[in-house]
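Got a minute to go through some labels and where they come from? Take a look at the model first, then we can do the whys and hows.

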Amino acid sequence: MKQFRFRWLITAVATVLWLCTGAPHAFSQATNTGTIVGNVTDPSGAVIAGATVTLTNAAEGTRMSVTSNGQGQYIISAVPPGTYDLTTSKSGFSNSRTTGLVVNVGTQTTANIKLNVGGGKETVEVQVMGTELQTLNSTVGQSIPQEAISSLPSLNHDVNTFTELQPGVSPDGSVAGAVVDQSTFLLDGGNNSNDMDGSMTVYTPSFAGDPTGIANNATGAAGPTGVMPTPTDSIEEFKVNTANQTADFDNSSGAQVELVTPRGSNRWHGGVYEYYLDNNYDANTWNNNQTDTALTSYHYSRFGAKAGGFFLPSMLGGRWYIFGFYEGYRFPESETWERAVPTANMESGILQLPDANGNLQTYNMKTIDPRDKGINPTVQAMWTKYMPAGNDPSCGGLLGSRCDGVNEIGYKANLSIPDTSNDMAFRIDHDFNAKWHFFASYRYYKEELTTDSQVDIGGFFPGDTLGTPAALSHRPQQPYYLVAGLTTSISSNTTNDFHYSFLRNYWS
């Protein structure tokens, strides 16, 4: 048994050494970055080992550098989404420069390089045209770049609504037969999934399609999303994988949604926006017209700002890049609210009850009370002080069987149920050199949704007024999310990618 274990250990070590040195590259798929792979050859097709391949971000000027191995292969892992220039050099050959190379999140881009024999002073420049066919894995999915995210219509300005537009995804978030709680939402390489239902459509409000969660909880109209909301201006790239995912996808059997926060660049850029909807020119509701109640004036306002650039130049090896985002949501919403209140006769102790023939008869509570006491004076005093006069004798459709229209009638009024939220995102990036890259991002969200679960109509609590409904219940939601990563190119075929993420989901 000892000899067998020793032989097994030698075999394992030899296999690892072979994979690290002589074996072809095993391509992996990152969840917040892309990968560039290819071969370096001469005009005859012979491989070129030891060629230096340098990737430069056109917007930031950051660099990543690797060397082709003995088979002429190279791989550049953990490449943030963007447009790059690829420069290749080798002694005895002319330099090669490929421009316009687009890297998408969660995909592998092939860029094969051919070097001509020369003195190294000449440079052959190649412009990438179109999108190259993906040949390294069979993952079924679609990437949506920042330009499309900004241009495509999205429900309530959240990119997760694009999830339902992918092939094989149902409106409720079910994917290819997998139930809705089997999807994984990845944000900047960390896990943004709800660990209770996986979609934010069962226990907590969904931000996709309806930030309040009202439509979702009532009709299932809102789509699946991660815990942290992801407004379109806070996302650089969005991708959904629905089938044949690679080995990194091992959390569930549904969709894998990958999102990336934008980065800063060598130039400061930004923007501001507001979406505003006013109802002052709208028609009144049927319920309000029934009781001559005026239409409540309210507005829907979603506003925000973003900015990105650089700071602390040439510190610790290179520039630091920064991106910041803020979005506010203000909706002083109101609804028609109705409750049953006692009539003036009932408050004074007079009831009207049907006899055997269904005809209403008037009774004094004291005469029909076996104890000969009638209405409780404490209850009568509370009704007189804290019950507004009814204004809907029909009791209306909002009450149904809870109001008889004789001893009690409906009190109908507009109830204010405002919804307020603040959403923030922040990211920093730094390249210490061509082999060490660091990033960190932080998101914070706070929503205060007022509900009609508890309503004061009698002015009982301080600040409330008799006859003006005041909502007393609130449903807060306050998640936050932190992720950090450090990528190191150890050698031409070894890359270490360290990620840490922390997600806190708080709600009531």
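A salt bridge here is a side-chain nitrogen of Lys or Arg within 4 Å of a carboxyl oxygen of Asp or Glu. This is a predicted model, where local features need pLDDT of at least 70, side-chain atom pairs count only at pLDDT 80 or more, and totals for chains, interfaces and linings use all residues. Residues are numbered from 1 along each chain as its sequence is written, and side-chain values use heavy atoms, with hydrogens and water left out.

Q: Why is the contact between Asp 369 and Arg 371 called a salt bridge?
A: The closest N and O atoms of Asp 369 and Arg 371 are 3.7 Å apart, and the cut-off is 4 Å, so the pair qualifies.

Q: What makes Asp 369 buried or exposed?
A: Buried means under 20% relative accessible area, exposed over 50%, and partly exposed in between (1.4 Å probe, protein chains only). Asp 369 has 15%, so buried is the word. Its partner Arg 371 has 61%, so that one is exposed.

Q: How do you know that Glu 338 forms a salt bridge with Lys 412?
A: Their closest N and O atoms are 3.9 Å apart, which is within the limit. Glu 338 sits in strand S18 (residues 334–342) and Lys 412 in strand S21 (residues 408–416), so the pair ties together parts that are 74 residues apart in sequence. Strands are DSSP runs (E, at least two residues) and helices likewise (H or I, at least four), numbered from the N terminus.

Q: Why do Glu 338 and Lys 412 get their burial label?
A: Glu 338 comes in at 2% relative accessible area, so it is buried. Lys 412 has 1%, so it counts as buried too.

Q: What makes Lys 412 and Asp 392 a salt bridge?
A: The closest N and O atoms are 3.6 Å apart. Lys 412 is in strand S21, while Asp 392 is in the loop between helix H7 (377–386) and helix H8 (396–399), 20 residues apart. At 2% relative accessibility, Asp 392 is buried.

Q: How many salt bridges does the structure hold?
A: Nine. Elsewhere, Asp 188, Arg 427 and Asp 429 are linked in a network of them.

Q: What makes up the lining of the largest cavity, by class?
A: Eight nonpolar residues (Ala, Val, Leu, Ile, Met, Phe, Trp, Tyr, Cys and Pro count), seven charged (Asp, Glu, Lys and Arg) and eight polar (the others, Gly among them). S22 gives the most to that lining, with four residues. A cavity is a set of points on a 1 Å grid over the protein atoms alone where a 1.4 Å probe fits but cannot get out, and lining residues have an atom within 4 Å of a point.
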